[in-house]
Structures are given as structure tokens and as C-alpha cells.
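Trainee: Got a minute to go through this structure with me? I'd like to look at the rings, a helix and some strands.

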Amino acid sequence: MAHRELISAAGRVNGARCAVLTFPLSSGVKSGGRLYTEEERLRLLSEAGAEVCLMVDFSAVRDMAPGDFVRALCEYVSPAACICGYNFRFGRGAAGDPAMLSSALSEYGVPLKVMPEVTDGGEPVSTTRIKELISGGDLRTAWRLLALPYHIIGTTEHGMRIGTEHALPTLNTPIDPVLFSPPRGVYSSVCEIDGVRTLSITNIGECPTFGARPMHCETHIIDEATGDLYGKRVIIYLTGYLRPEITFETPDALYAQIARDIEKTREEAPVKWLNGRK
């Protein structure tokens, strides 16, 4: 939400293209802390309205004095105007702040707009808060703050074929260890393949009833014939948290619970969004 506010404000500068200056995700982001892959982050920035994305090697500017950073920005980019968040920091030792940026930019005749903190329900909107919401099972609030459901992207691979044998075929997608992973459990979801969205149910975990497997995402598409989808790129949008992953005494007990999970997913289906397109 906060990034969309920035991009929306940038898009209102007459006659100028909206460009986002950012750094690769490898710059200072811990393993398991990223919401999206690099490719997905760039796609989402573009969908939010960014016409140009300037990916800067952080090591090349990390030790620049704030004034040198602004000089390089103005000489190489020639911005018509700049927009930053209220807590933006830049330059060596994060010494630069919005007031310093405004002063330095004024020497080049470039105005600066500082966006205030974006809040929701009196709380700041941040990646940390969104992760906390997802971890707590509040997928709908996270959806509102992200402007779309939190999602996992992957390429389907072969599983154990146990679901297929019980008329509940699933799409298996690995979870990238460098990305943030939602809690283990069962989720109502929407699966998108080749631009088409279908209602689904997703388990994130290790399938303990059938013996531990590596952490993965396993999705069953509801009421749709899937055919051979191995090797397909899929987007799994998590729209609601149903229950934690548990070990059942028998496979029949597991499948009876899955049937109940599917009915609840049907009842809570986000029909309007499901039938829409990006």
C-alpha cells in the first residue's frame, strides 16, 4: 500500500515518466525475509504504475556521501521531481534524510515531495506488519494492505501421486528458502495458470500423515479438470487460513477433513475477485 501511494503520487508529475529507484533484493535482506522474488517485485512495481525501474548496485552507492548521491542522481537521471517516504535514509551511514535530500535537490532545481506515513487502523503499513498478519492467519487484512492476496509462485513438479490415487490430484510447487514462508497449514486459495484463475485449496507443510517430506506447497484445484500441468508456472494466491497442518490417524480421516475444507473454501470464495483479471 505504501509503495503504491508513492508511485501514484509520482505518476501525477506532468509530462514525466514514473521511475522507481531501488536496489536488488540481495542487498541486506536476510534469507527467508523476502515477500517476493526479484522478478515478481519488478512485475508488481510495473503494475502499480512504475514505467521505469532503476536497479542500482547497492555496493556502488553505499559509501557515497549524501551530497554525492544526489549529484549522481541528478546528473545521470535528470529527474523532473523526486518523491520519497517520510523515513527515507540515504548516503554513507544513512546520514541523509528527507530534509537533507530536499536541500540538495533544490540546488539542481528539482522539487521534492515527502510522503507521510501510511497507516491502516492506526498502525503503520510495513512489510513487517504484513508478515505478522500472514503468520497470524489474517490473510484478508494482509490482502487489503498488499492490494492483492499474498501469493506463491512456482513451477509444478512431481509429487508422491497419493492425491491422484484418491481423486484429489494436487499441484506440487517448492517453496524458495530465501522467501518468507507462511505458517504450515491449510489455506483457501486461488490458483492462476496461463492467466486463468480457479478456486483451490492449498496445504503448506510436510504432509505428515504420509511421512515427512520437504517443506512444500501442494494445491488441489476444486471442481476443475486439470490435465497434465507438470512444468507449468503457477501462482497460488492464499485467500484464507483454514487450519493448521496435523497428522491424521488414517488417510480416510485426512480426506474426510479435506472434503470439509473444500466446502468451507467454496462458502468463502472471493467470487468477484476470482472472476476478475489483473
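Trainee: Is Phe 88 buried or exposed?

Mentor: Keep in mind that this is a predicted model. Phe 88 is neither: it counts as partly exposed, because its relative accessibility is 29% and buried means under 20%, exposed over 50%.

Trainee: And Phe 90, buried or exposed?

Mentor: Phe 90 is buried, at a relative accessible area of 4%.

Trainee: How many aromatic pairs are there in the whole structure?

Mentor: A search finds six. Phe 88 and Phe 90 make a stacked one, with 5.5 Å centre to centre and 10° between the planes.

Trainee: What about Tyr 150 and Phe 180, what kind of pair is that?

Mentor: Edge-to-face. The planes of Tyr 150 and Phe 180 stand at 75°, and the ring centres are 6.1 Å apart. Planes over 60 degrees apart count as edge-to-face, so the label fits.

Trainee: Where in the chain do those two sit?

Mentor: In distant parts, 30 residues apart. Tyr 150 is in the loop between α7 (139–146) and β7 (151–155). Phe 180 is in the loop between β8 (171–174) and β9 (185–193).

Trainee: Buried or exposed?

Mentor: Tyr 150 is buried, with 2% relative accessible area. Phe 180 is buried too, at 10%. Together with Tyr 36, Tyr 150 and Phe 180 form one aromatic cluster.

Trainee: Which ring does the charged end of Arg 197 sit over?

Mentor: The ring of Tyr 237, at 5.7 Å from its centre.

Trainee: Switching to helix α9. What span should its 17 residues have?

Mentor: Helix α9 covers residues 251–267 and should span 24 Å at 1.5 Å a residue. The end C-alpha atoms of α9 are 25 Å apart, which agrees.

Trainee: Which residues of α9 are buried?

Mentor: Leu 254, Tyr 255, Gln 257, Ile 258, Asp 261, Ile 262 and Thr 265. They cover an arc of only 160° around the axis, so they lie on the same side of α9.

Trainee: Why would residues three or four places apart point the same way?

Mentor: Because an α-helix has 3.6 residues a turn.

Trainee: And which exposed residues are on the face of α9 turned away from the buried side?

Mentor: Asp 252, Arg 260 and Glu 267.

Trainee: Last topic, strands. In which sense do β3 and β4 pair, parallel or antiparallel?

Mentor: Parallel, over four bridges. Strand β3 is residues 82–85 and β4 is residues 112–115. Gly 85 has Met 115 in β4 as its bridge partner.

Trainee: What do β3, helix α5 and β4 make?

Mentor: A right-handed β-α-β unit, with α5 at residues 98–106.

How values were computed:
Residues numbered from 1 in each chain as written. Predicted model: local features only at pLDDT ≥ 70, side-chain atom pairs only at ≥ 80, totals over all residues. Heavy atoms only, no water. Pairing = 2+ DSSP bridges. Right-handed = clockwise from strand over helix to strand, strands pointing away. Phe/Tyr/Trp six-rings, centres within 6.5 Å; stacked < 30°, edge-to-face > 60°. Buried < 20%, exposed > 50% of the residue type's maximum accessible area, 1.4 Å probe, protein only. Lys NZ or Arg CZ within 6 Å of the ring centre and 35° of its normal. Expected span 1.5 Å × (residues − 1). Arc of directions from axis to C-beta.
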